[in-house]
Amino acid sequence: MILVLDFGGQYNQLIARRVREAHVYCEVHPSSLTLDAIKDMAPKGIILTGGPQSVYKQDAQTAPKELFELDIPILGICYGSQLMAHVLGGKVETAPVSEYGRTDVTIEDRSSILFKNVSPKTVVWMSHTDYIAAVPEGFTVTAKTENCPVAAYENPAKKLYATQFHPEVLHTAEGTKMLDAFVREVCETAGSWRMDSFVEQTVTALREKIGSGKVLCALSGGVDSSVAAVLLSKAVGRQLTCVFVDHGLLRKNEGDEVASVFGESGHYDLNFIRVDAKERFYAKLKGVTEPEAKRKIIGEEFIRVFEAEAKKIGAVDFLVQGTIYPDVIESGLGASAVIKSHHNVGGLPDYVDFKEIVEPLRLLFKDEVRAAGRELGIPEYLVARQPFPGPGLGIRIIGDVTEEKVKIVQEADAIYREEVDAAGVGKTLGQYFAALTNMKSVGVMGDGRTYDYAIALRAVMTSDFMTAEAAEIPWPVLTKVANRIVNEVKGVNRVLYDCTGKPPATIEFE
Ligand code: XMP
């Protein structure tokens with residue numbers, strides 16, 4: 001295991017990603033972790049991340065000198081490199097010229113393990129206003145830039161390494177080689193962290209933990225809950241019951257797809273309950289137009305339905321949650337929560353009689369969850385599914401929700417997804433879907449006047465879903481989609497494309 005100590009830098013998750021891509025298991029913990037806790041973890045190496053502070057400020061996050069005397073290899077990055085210099089007796093000052101962005105660097109010592117496969121001159125990503133003016137005794141400078149005399153330094157005998165730049169960022173052209181060299185060669189890791197071993201180990205661990213207990217899982221058909229359910233089914237088979245609440249706000253055919261994979265006709269060993277609750281949801285949503293009110297109603301009703309099913313099953317020992325690693329890191333650091341009243345199973349524990357929560361995916365990043373899903377043999381269309389909000393189409397219909405409107409948006413969305421995928425554009429997009437505007441306008445069809453709804457198409461490029469740009473879908477694809485929608489979907493006579501980014505819009509069209 002490689003331990004990443006987080007000093008508040010923006011790229012901390014990226015460091016963990018890169019380490020895992022080198023097939024080494026890695027965890028991110030706050031920089032306040034105690035020396036004893038670190039010793040107990042016995043990591044093969046430690047990475048100190050970047051951070052926004054100055055090491056010489058009084059309240060700056062720091063590290064004890066003993067950390068560097070544990071005989072564990074350490075790589076300091078950006079703030080981490082300055083901290084190592086500061087704690088070990090070097091000098092850190094405000095740089096006369098701060099560097100930001102792509103910067104040319106000269107490797108001074110190509111015998112360094114970190115740089116031995118790196119070009120003598122390469123491009124790195126810099127982002128600093130302080131710099132290291134003098135390295136501690138026993139250390140040598142291994143790289144510099146025009147404005148930064150210490151772009152990298154090390155003491156190989158003590159296995160201490162540092163880079164002022166960010167090797168984890170892809171703009172650092174050869175950063176992956178540097179991180180791989182640290183993780184694999186300096187830390188002497190085996191590089192055997194693979195999805196098949198994760199799946200195997202997790203199934204064994206779940207089996208031990210659960211014993212003969214009863215397990216309950218709210219299955220949404222999304223990637224996370226599907227993978228969590230299959231892991232548990234492999235571990236404890238029929239001790240697991242999955243409840244799938246079909247709120248009638250899913251995409252076209254989605255409910256049947258989930259049922260065909262997890263129900264009796266599927267090939268997993270578990271108890272599957274599909275609750276057809278669409279009438280209940282439509283009744284509650286009748287006449288409600290305000291998006292936040294719709295979210296609340298759908299979230300509440302979801303819990304009520306789930307609770308009713310849970311009651312029929314009786315007390316359970318474990319409740320499954322699909323928490324994934326970015327959520328764990330965020331909550332661990334007390335980072336602020338997300339904007340809207342997101343609907344997820346986080347609210348369930350209050351309402352269900354259970355003893356403990358199991359979170360089999362809490363160590364995985366999203367694409368690792370997908371990889372685990374593939375390893376488990378879950379069909380590709382489920383594993384590759386794009387994000388879909390818990391309140392479903394209820395928030396992709398502007399204004400009040402009716403069964404007729406749900407049908408319209410389901411059909412339009414299915415056509416849009418089909419054409420985007422057929423054109424091979426889908427893989428480059430973060431998310432793409434159709435929404436039903438509440439606007440009716442005049443059109444002409446055949447020889448007659450129509451007065452029908454407008455569908456809005458949305459497609460965004462994003463990596464973190466916090467910000468997004470509207471995607472450039474090729475015009476012929478858009479016109480084909482528009483033609484098909486107005487011809488095939490009754491009640492629609494106009495199709496619009498949403499060109500807005502996030503911010504100022506959101507990804508959802510609600
Ligand atoms: P927004 O619209 O806030 O969406 O830009 C960002 C991402 O979050 C998804 N989303 C949700 N996911 N429950 C979820 O699990 C929700 O209530 C919810 N609302 C939005 C949205 O699809 C996008 O990927």
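**Cysteines, sheet and domains of the predicted model**

In this predicted model, the closest cysteine sulfur to that of Cys148 belongs to Cys78 and lies 9.5 Å away, which is too far for a bond. A disulfide requires two cysteine sulfur atoms within 2.5 Å. For Cys187, the closest cysteine sulfur is that of Cys26, at 10 Å, and this distance is likewise too far for a bond. The structure as a whole holds zero disulfides. Cys148 is buried, with a relative accessible area of 0%. Cys187 is also buried, with a relative accessible area of 5%.

The chain is divided by the domain assignment into domain 1 (2–186), domain 2 (195–383) and domain 3 (402–497). Between domain 2 and domain 3, the C-alpha centres are 29 Å apart. Eight residues of domain 2 and seven residues of domain 3 take part in the contact.

Nine strands form an open sheet with mixed pairing, in the order β2-β1-β3-β4-β9-β8-β7-β5-β6. The edges are occupied by β2 (26–30) and β6 (121–134); each has a single partner strand, so one side of each is left without a neighbour in the sheet. On average, neighbouring strands of this sheet are turned by 20° against each other, when direction is ignored. In general, the strands of a sheet are paired through backbone hydrogen bonds, and the pairing is either parallel or antiparallel. One of the pairs in this sheet consists of β1 (residues 2–6) and β3 (residues 45–48), which run in the parallel sense and are linked over four bridges. Within β3, Ile47 is the bridge partner of Val4.

Helix α1 comprises residues 12–21 and lies across four strands, namely β1, β2, β3 and β4 (74–77). Relative to the edge strand β2, helix α1 runs at about 160°. Asn12 is placed in helix α1. The residue Asn12 is buried, with a relative accessible area of 9%, a value under the 20% limit used for buried residues. The side chain of Asn12 is joined to the side chain of Asp6 by a polar contact of 2.7 Å. Asp6 falls within the range of strand β1, residues 2–6, and this polar contact therefore joins a residue of helix α1 to a residue of one of the strands that the helix lies across.

Technical notes. Residues numbered from 1 in each chain as written. Predicted model: local features only at pLDDT ≥ 70, side-chain atom pairs only at ≥ 80, totals over all residues. Heavy atoms only, no water. Pairing = 2+ DSSP bridges. Helix = DSSP H or I, 4+ residues; strand = E, 2+ residues; numbered from the N terminus. Axes fitted to C-alpha atoms, helices over the stretch in contact; angles between N-to-C directions. Contact = heavy atoms within 4.5 Å. Buried < 20%, exposed > 50% of the residue type's maximum accessible area, 1.4 Å probe, protein only. Polar contact = N/O pair within 3.5 Å; in protein donor to acceptor, adjacent residues only side chain to side chain. Domains from an automatic or database assignment.
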